[in-house]
Amino acid sequence: MAAKPEVLSPTPSPNRLWAEQLAMGMALFLGLLIFMALAHPKILSSGAEILGPNDMKAYGLASVVGVVLQVVVHELGSIVALWRMKIPVKLRFFGFGANATASLEQHPRNVWTDAVVGMAGPLAGTILSVGFAGIYEVTKMQDASPVHVGDPFFLGMACVGYFYNLITLIPILDLEGGWIAPALAPQAWLLGVVASALELTNVFNLVLLGVVSFALPRFVQLLRARAPRTDVDCTHRQRVIIGIGYFALVIGLGWFSSTTFSVMPELVRNAMGD
């Protein structure tokens, strides 16, 4: 009796894999939030006082301009990267990586190009946020008051930028993190997720928790060989650059956003004399 030919299961489509990652990541994220709400409710609610009624007077038109500037500089980073790679792009601005998505989807997929364009926006935005934090330190040194509060507006804008750029690095489409993810090797996912989880145990960060929640399913897909190794389309040097660059940004933004977020309520109150 002739043996039946082996039937190979078809490889899931990229859209199916992204949908699975999104579903698993959302389930993990919500599960962790429920656990935090039950075990550590104060950690989840502690940040709400930053925008309490007595502090709203500290945020005016200048803060709107600052937030818009954050988005513009972030998107300019993507536009400059597209221009340097000679990829046609119209001068347009969308938040959360939509500009890079609108440009890259019109061209054949190239893992390295997608990753570089995806990194450019958050990197440019992070540089601006660090600049805002530097301006705050200058105002702090020039503050003649005994407490040396400085002008917390600039640190607040830095904090907004840290969180905004960290959100865009969550590894799901159509955020920049989703365009970077295919260039990351399994080793980078393992080391990066472990390092991010360790940082979460030190200082809780809701956005960083989101990065870990959606990165872990991607690593599991690669580990089970359910998702193809798209990172092999890059050279070893390119994989190292993207792996280190991505998780350095994620962990750095997680730390900066957490530390600035924790000091903002007291700074605003001291600046307003409350």
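This briefing covers the fold, the aromatic pairs, one serine and one surface patch. The model is predicted. The chain has 10 helices and 0 strands. Of its 274 residues, 45% count as buried.

**Overall fold**
- Read along the sequence, the pattern is α-α-α-α-α-α-α-α-α-α.
- Among contacts with a separation of 6 or more, 75% join residues 24 or more positions apart.
- The chain's accessible surface comes to about 14700 Å². Carbon and sulfur atoms hold 69% of that surface.

**Aromatic pairs**
- The count of aromatic pairs is 8.
- One of them joins F153 and F154. This pair is edge-to-face, with 5.3 Å centre to centre and 75° between the planes.
- F153 has 21% relative accessibility, so it counts as partly exposed. The cut-off for buried is under 20%.
- Another pair, Y162 with F256, is stacked. Its ring centres lie 5.3 Å apart, and the planes make an angle of 20°.
- The Y162–F256 pair links distant parts of the chain. Y162 sits in helix 6 (residues 152–168), F256 sits in helix 10, and the two are 94 residues apart.
- Y162 is buried because its relative accessible area is 2%. F256 is partly exposed, with a relative accessible area of 34%.
- Ring pairs also join F132, F153 and F154 into a cluster.

**S258 in helix 10**
- S258 belongs to helix 10, which spans residues 236–272. F256 of the stacked pair is in helix 10 as well.
- Relative accessibility at S258 is 8%, so this residue counts as buried.
- The S258 side chain reaches the backbone oxygen of G254 at 2.8 Å. That distance falls within the 3.5 Å cut-off for a polar contact.
- Leaving aside residues up to four places away in sequence, S258 touches V203, F204 and N205.

**Surface patch**
- L61, V64, V65 and V68 make a nonpolar surface patch. Its area is about 380 Å².
- One of these patch residues, V65, lies in helix 3, which covers residues 61–84.

**Points to check in the view**
- For helix 10, look at the stacked pair of F256 with Y162, then at the contact from the S258 side chain to the backbone oxygen of G254.
- For the cluster, find F132 beside the edge-to-face pair's two residues, F153 and F154.
- For the surface, start from V65 in helix 3 and pick out L61, V64 and V68 as its partners in the nonpolar patch.

Conventions: Residues are numbered from 1 along each chain as its sequence is written. This is a predicted model: local features need pLDDT of at least 70, side-chain atom pairs count only at pLDDT 80 or more; totals for chains, interfaces and linings use all residues. Side-chain values use heavy atoms; hydrogens and water are left out. Helices (H or I, at least four residues) and strands (E, at least two) are DSSP runs, numbered from the N terminus. Buried means under 20% relative accessible area, exposed over 50%, partly exposed in between (1.4 Å probe, protein chains only). A polar contact is a pair of N or O atoms within 3.5 Å; within protein, one must be able to donate a hydrogen and the other to accept it, and residues adjacent in sequence count only if both atoms are side-chain atoms. Contact means heavy atoms within 4.5 Å. Rings of Phe, Tyr and Trp (its six-membered ring) pair if their centres lie within 6.5 Å; planes under 30 degrees apart count as stacked, over 60 as edge-to-face and the rest as tilted. Patches are made of residues with over 30% relative accessible area and no salt bridge: like charges are joined within 9 Å, nonpolar side chains (Val, Leu, Ile, Met, Phe, Trp, Tyr) within 5 Å. Accessible areas come from the Shrake-Rupley method with a 1.4 Å probe; for residues, only the protein chains shown count as cover. A salt bridge is a side-chain nitrogen of Lys or Arg within 4 Å of a carboxyl oxygen of Asp or Glu.
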